[in-house]
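Thanks, everyone; I would like to walk through the empty space and the packing in this model, so please keep the structure open while I talk.

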Amino acid sequence: MMKMLTTLKTAVIILCLLVTSINAQSASEQHTQAVSIIDIAGHQVPVVKDGLYDRFRSNPPLSVVQQEAPQVDLSWFTTINKTKVDAGFETYSPNFYYENSRITAIFTADLDRLKALMPAKVLEIVQPLQVWPNRGLVALTAYAYHYCDNDSYNEIALSIITSKPNNSSWGPLTLVGQSMSNDYWGYILKLPVDTELAKVRGVVGYNLPKWLTKINYSETDKTITFEILDSETGKTDLVIAGNKLENLSTEEEFVTSSFTNLDAKGQLISGYAVSRQLNYASTMDDDAFQITLNEGSLSQYIKSLKLGEMVKYEYVPEFQSTLYTPTPLN
């Protein structure tokens with residue numbers, strides 16, 4: 001009897017192991033089947049199979065979006081028309097970002113270093129804002145695009161805050177003017193992302209300094225955190241953490257963020273995004289934002305800017321956005 005029970009127990013264990021193995025193989029196959037390979041300007045790009053981009057290439061019907069994300073308010077997007085454009089590949093502008101979060105910290109930085117990082121042709125028409133002698137401003141923003149035309153991804157933007165093209169810079173007065181009008185200008189220094197689709201579209205269509213690396217996004221009841229890994233070593237490069245501020249404003253606010261850049265042919269271009277901020281708050285409290293720099297390439301780059309005081313921290317847990325394809329800048 002004991003021998004029979006032992007044999008039965010062994011058979012059950014073997015059966016469980018077999019089922020586990022089959023399930024693991026099935027999951028692996030499903031993971032493989034969950035990716036489609038599409039061509040973007042000669043680049044073979046993996047995208048989410050049957051995701052928004054796979055099906056609609058930046059032009060999904062809002063009815064489909066509403067069906068897949070019934071919690072999202074699409075009223076703003078119904079007022080905006082998309083246009084088919086050639087951005088090195090056929091696409092539609094603007095790109096819609098339906099459900100997103102971000103944190104932004106603005107720091108002072110070494111002005112001479114900032115000027116040295118900008119192309120001479122760009123410096124001819126815009127200038128880094130000087131807030132006091134030899135100190136400019138940079139914005140470090142971490143984005144979590146939870147649901148958009150490009151499916152979902154995370155992005156880290158490091159930008160120099162500049163004057164508008166062909167406008168004089170009056171330092172703090174210019175910054176106050178941009179802040180009051182919610183119309184900001186900058187030059188983008190670094191822009192790592194965590195999907196190949198976001199990288200290729202950004203490099204080909206916008207000539208932006210994007211590269212692919214792992215970005216881990218996480219939340220607690222008090223903070224929102226982005227861990228950026230070094231693309232070469234796979235080790236943690238830097239960690240950005242911001243507090244979830246209280247007393248959020250729920251009054252709808254529109255913010256325009258524009259950038260000046262050179263296209264692949266070296267010609268001046270500009271692009272912009274309009275954000276509809278639904279929940280947001282800001283503070284000047286240094287303790288609300290933490291950045292941990294390690295030895296990776298992005299950390300080393302940030303260290304070279306000689307960051308000083310944090311001027312402002314913004315917590316925007318809910319916003320929508322439209323990103324327009326760049327155009328030539330006269």
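**Pockets and cores**

The second largest pocket holds about 280 Å³ of space, where a pocket is an open set of points on a 1 Å grid over the protein atoms alone, a 1.4 Å probe fits, and protein lies on both sides within 12 Å along at least five of seven lines, with lining residues having an atom within 4 Å of a point; points are joined across faces, edges and corners, and a volume is the space filled by probe spheres set on them. This is a predicted model, in which local features need pLDDT of at least 70 and side-chain atom pairs count only at pLDDT 80 or more, while totals for chains, interfaces and linings use all residues. Residues are numbered from 1 along each chain as its sequence is written, and side-chain values use heavy atoms, with hydrogens and water left out.

Of the 18 residues lining the second largest pocket, V204, G205, D263, A264 and I269 lie nearest its centre.

The largest pocket has a volume of about 1000 Å³, and among its 49 lining residues R102, T141, Y143, S257 and S275 are the closest to its centre.

Turning to packing, the largest nonpolar core (buried Ala, Val, Leu, Ile, Met, Phe, Trp, Tyr and Cys residues joined through side-chain atoms within 4.5 Å, buried being under 20% relative accessible area with a 1.4 Å probe, protein chains only) has 37 residues, of which I103, F226 and F289 touch the most other members. A second, separate core of 16 residues includes Y97, C148, V193 and Y206.

Terms used
Buried means under 20% relative accessible area, exposed over 50%, partly exposed in between (1.4 Å probe, protein chains only).
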